[in-house]
Amino acid sequence: MSLFKGGKKLQMKLDDNDIVEKLNHKSDFDSRYWITAEDIFLLCNLFDLCIFASIMSIVCQFVGSWPLRLLLGIQALSLRDCSSFRNTTAVSLLRLRRSSSAKVLSLLHVTCYSTCSGIEYCSSSKRRSRGPVMAAKGKSEGEKQEDGKYKHTIDLPRTAFGLRANSVVREPEIQRLWDENQVFKRVAGRNTGGSFVLHDGPPYANGDLHMGHALNKILKDIINRYKLLQNFQVHYVPGWDCHGLPIELKGKFLQSMDQDARKELTPLKLRAKAAKFAKSTVKNQMTAFKRYGIWGDWDHPYLTLDPEYEAAQIEVFAKWPCKGISTEAGNQFIGVPHLELPLPRLNWRLVSAPTSCTVLDDFIANLGLAIWTTTPWTIPANAAVAVNSKLQYAVVEVDSNSVDINASSVDKEKRLGNVLKEHAKLHLVVALDLVPTLEAKWGVKLIVKTTLTGAELENCRYVHPIESRECPVVIGGDYITTESGTGLVHTAPGHGQEDYVTGLKYGLPVLSPVDDEGIFTEEAGQFSGLDVLGNGNIAVIECLDKNSSMIMVEPYKHKYPYDWRTKKPTIFRATEQWFASVEGFRNAAMDSISQVTWTPPQAQNRISAMTSSRSDWCISRQRTWGVPIPVFYHVESKEPLMNEETIDHIKSIISQKGSDAWWYMKVEELLPEKYRNEASNYVKGTDTMDVWFDSGSSWAAVLAKRNGLTYPADLYLEGTDQHRGWFQSSLLTSIATNGDEVGYFVTLYTNVSGKAPYYGVITHGFVLDERGFKMSKSLGNVVDPRTVIEGGKDQKDSFGADVLRLWVSSVDYTGDVLIGPKVLRQMSDIYRKLRGTLRFLLGNLHDWKADYDVPYTELPMIDQYALFQLESVVKNIKESYDNYQFFKIFQIIQRFVVVDLSNFYLDVAKDRLYVGGNTSPTRRSCQTVLAAHLLSIVRVIAPILPHLAEDVWQNLPFPFTAEDGHTANFVFESRWPVLNERHLAFPEEEVNFWGTILEVYLRASDVGLVSRLVDMCASENDADTLHRIFLTSQVEILPSLENVSEDDIPCTGEYLMENNNKVWIGVSRANGLKCERCWNFSLQVSTYDDHPSLCGRCHSVVSQPIPALAAAS
């Protein structure tokens, strides 16, 4: 059986409410509600169980058949009635932890029963006398003390490192320190390892930054800073996407202009305004990124509007046609604002049918096709009527006697057409299933004369209702149904994607007589100049009715695509575009995808699916603000002129003058000398390149051009939406232009060949609010990174950049992440605790020098175990950095630094640090361990919390010399901690022993373990003795409870474990008297003539001359 006894007073760390809060959450397995040894001590006070104050830190760890007994001396306590003790006190749910990150958490339930027999203790409500540390600190703060002649011998922490971060002031100061000393450039230049290039995906220069920007840039910076510590030559060039519609719209110079002002806005004026806005936004965003603590080549960023970038983009464009890859004109549908339109039912006269369709011969003279449309303004562009080959159609006769010519006057919403009033014997083709519906809709009787299939109608011809030209009946797709309409669909390939596909099948003409402003062009004939959104639409309906081609018109509401910017409906029109075919290199792109490392791994499946199903890439846009497509068109034939020679000449011009030259230079100046005599026969194209082609060319404009950068880049990192965007556009341009080199382009990239522009890709999710909702100004749930860092009005609730960075490290960025006030407060609390731990380490090393380092073999076992734990933690953190799993680093740091290190080792260390003597071996050995912890912890957290790490480094009380011999004046000059194999070689049996003592179960049935504990009671090294580890005055291990009476052990406790084992503990007053200096009880007190009130250890300390130390600020 085992028996412990001791008598050292412990100090309260938390208040009673904290313990009650934890007990209320006893079913919560979250680490925030772990009940620690300190909590149990306070719980004892809460229930007036003062006698258990010092023993509860180990009670839950000793499990087995051996009942344990502890004799604990409670100093400064008077004996009195013990009626306040409760007979049954439940201590519920103690969650136990292992210090090593490789260990598994254990959970055990403990039930405590305590009894007391007649021993009187003072009420816990009375103020207790303070320990020597608090007494000495009180003296340093000017408190009057009646005694304490040994206060000057107490070694208290000293450091200028503040407990409060004051991040609003201190972080900018640290950033200025880095800038003034060019730390990023110095460290990257001094490193001797390989090159590491994280290529920045350019954000749009179109407004303020949001939390998604912060997540993205901080993740990149964490990686870059870690690589710096790993001795890599890090190159990071931030970039911005400066072209395209987002810049025009965000600049407000288009949306705020009326029609007259827009007409006066020439292309060059518009481009000047857009460039000015983009550059101003870049400047503002750059300032914000710097405030996040992002390191990069801010003096030389890349902007897609820079002439050298635009010239490189032209080179990439040039390679596609020069390699035989299809880059040709075609049609694509774009949308412009559109208003709600009426719905006409139309009758178009059938004039012929194929010889195989004899069923129509009897009706052809008065036969029409009944179609419907929601967009009458597209009728001028009609090229065919489409039917479904699988549907049954009917030839129906309109009963003229059933036509109610007054129907229009009764229903103001509907209007019957003249065709029903004028034709006595009208026949129509409609879908058979829709006959009853059409009768009710039109208000007439329809008599079915015959039926036929849609396939039989193919190749019939009808007269266009406006232009009197013949058009065919064609077979459409499954979009033709009998759910609505007539079963026949008006087809205008120039105004609909499905119509366009059908038109390609039959070779139909693509007509789109509508300009960029939604106005009919001259191609629309009589409707030229009319607005399709208003008068033009009405004019088409009136023309149809005049030509007896309209059956009825009525209002119709239905779902329709809206433009998300203007909040208006859209119309579609086909425009000539430039397409880049993907077919020629799709397989090569798929092969390269498999050779890239994707994080998370499922990202590969996503981009593979998108690439494998991708159609031709439309790379042209009808915008002014962008890089021009360098093509000339023949005035008469409209044939394009674009070849190696013309592109090369234009590229040389743009590289010197920028892309504005395309707009202000004449055709003869833009054409090479060979073609200048023919300049009058050509005009410049007005299309610009897709902005994804802009950013997708960054590998060529940046990676392949700038000194120090490499192609492919080591890493791309962007949001998950970039599988469809930048990741894919960069991949396609790289594969397409860097295959088998041909022509002039081979000299530009002689070191590349058809591969992805990146070796690795990391994707992150979107940032949502705390409830998982998308952030929106209308919802009021937007978390602004600037407000997080600098606070709101009067800098209230400012957390600083490091707290924001700590949040980034805490989330699993591979999915969507949450942020809000509650999350930020939690991060701030963890940051504060971490800062406090680092301050403790700094303060207790104020008199430390490298020469004081104690050899590893001479360290106490507890110190060797602490170094083993540290080395294991650093090793695990490095693995997490290498795998880009920053949330694991956050968890390890929180558990080790904030919980394990502070709650055990640093707590135990205070005794020898403060009262062990400033030159004693035990203090020096402890400082050796503290220095190792400080230097390692500050470097492993530096990539995530660079401001905190640098603040600590600037307050180091001793210089640090790196392995290459130079003094590290800044934390990032110190390199990553070198792996110490000797520390990791701490014997496994010792690891298990110390882990058992500190965290998990102590099985007293283990005879070897009991023997080891007995030996530790009399350890030659004071730091390894049990009473120092358990923070008591004395510890004794007894073989049994025989000969132990209640008089000797007045207070006992019994604990029932999950496995039904019981732990019995006894408590009694420690032997001896209290030492005036360290407040431990000892039999040696009163045995020294010169210092009768001291114990042996303190007598040895004060007998040697030592300097007086002031208390920490």
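These exercises, each with a worked solution, concern the predicted model shown above.

Residues are numbered from 1 along each chain as its sequence is written. Local features in this predicted model need pLDDT of at least 70, side-chain atom pairs count only at pLDDT 80 or more, totals for chains, interfaces and linings use all residues, and side-chain values use heavy atoms, with hydrogens and water left out.

**Exercise 1. The whole chain**

State how many helices and strands the protein chain has, and what share of its residues is buried.

Solution.
- Step 1: Helices (H or I, at least four residues) and strands (E, at least two) are DSSP runs, numbered from the N terminus. On this basis the protein chain has 37 helices and 40 strands.
- Step 2: A residue is buried under 20% relative accessible area, exposed over 50%, and partly exposed in between (1.4 Å probe, protein chains only). Of the 1113 residues, 56% count as buried.
- Step 3: A contact means heavy atoms within 4.5 Å. Among the contacts with a separation of 6 or more, 76% come from residues 24 or more positions apart.

**Exercise 2. A five-stranded sheet**

Give the strand order of the open sheet with parallel pairing, and name the helices α7 and α25 with the strands they touch.

Solution.
- Step 1: Two strands pair if DSSP finds at least two bridges between them. The order of the five strands is β9-β8-β32-β33-β25.
- Step 2: The edge strands, β9 (233-235) and β25 (597-599), each pair on one side only.
- Step 3: From one strand to the next, the twist averages 20°. Axes are lines fitted to C-alpha atoms, for helices over the stretch in contact, and angles run from 0 to 180 degrees between N-to-C directions.
- Step 4: Strands β8 (residues 195-199) and β32 (residues 715-719) run parallel and are joined by two bridges. Leucine 198 stands opposite leucine 715 in β32.
- Step 5: Helix α7 (residues 211-229) packs on the sheet and touches β8, β9, β32 and β33 (760-764), with its direction at about 160° to that of β32. Helix α25 (residues 726-737) also packs on the sheet, touching β8, β32 and β33, and its direction makes about 145° with that of β32.

**Exercise 3. Strand β15**

Find which residues of strand β15 lie on each side, and which strands β15 is joined to.

Solution.
- Step 1: In a regular strand the side chains alternate between the two faces of the sheet.
- Step 2: In β15 (residues 384-387), Ala384 and Ala386 are on one side, and Val385 and Val387 are on the other. These residues are all buried, and both faces of the strand are covered.
- Step 3: β15 runs antiparallel to strand β22 (residues 488-491), with four bridges joining them. Valine 385 stands opposite histidine 490 in β22.
- Step 4: With strand β21 (residues 470-475), β15 pairs in the parallel sense over three bridges. The bridge partner of alanine 386 in β21 is valine 474.

**Exercise 4. Two helices**

Decide how helices α29 and α31 are oriented to each other, and classify the residues of their contact.

Solution.
- Step 1: Helix α29 (residues 861-882) and helix α31 (residues 921-940) pack at an angle of about 10°, with axes 10 Å apart.
- Step 2: Angles under 35 degrees count as roughly parallel, over 145 as roughly antiparallel, 65 to 115 as roughly perpendicular and the rest as oblique. Therefore α29 is roughly parallel to α31.
- Step 3: Residues of α29 in the contact include Leu867, Leu870 and Val874, and those of α31 include Val929, Ala932 and His933.
- Step 4: Ala, Val, Leu, Ile, Met, Phe, Trp, Tyr, Cys and Pro count as nonpolar, Asp, Glu, Lys and Arg as charged, and the others, Gly among them, as polar. The contact has 11 nonpolar, three polar and one charged residues.

**Exercise 5. Backbone exceptions**

Locate proline 600, proline 712 and lysine 638, and describe the backbone at each.

Solution.
- Step 1: Most residues other than glycine have a negative phi, and most peptide bonds are trans.
- Step 2: The peptide bond from threonine 599 to proline 600 is cis, with omega near 0°. Proline 600 lies in the loop between β25 and α19 (603-612).
- Step 3: The bond from tyrosine 711 to proline 712 is also a cis peptide bond, with omega near 0°. Proline 712 is in the loop between α24 (698-703) and β32.
- Step 4: Lysine 638 has a positive phi, near 65°. Its relative accessible area is 57%, so lysine 638 is exposed.
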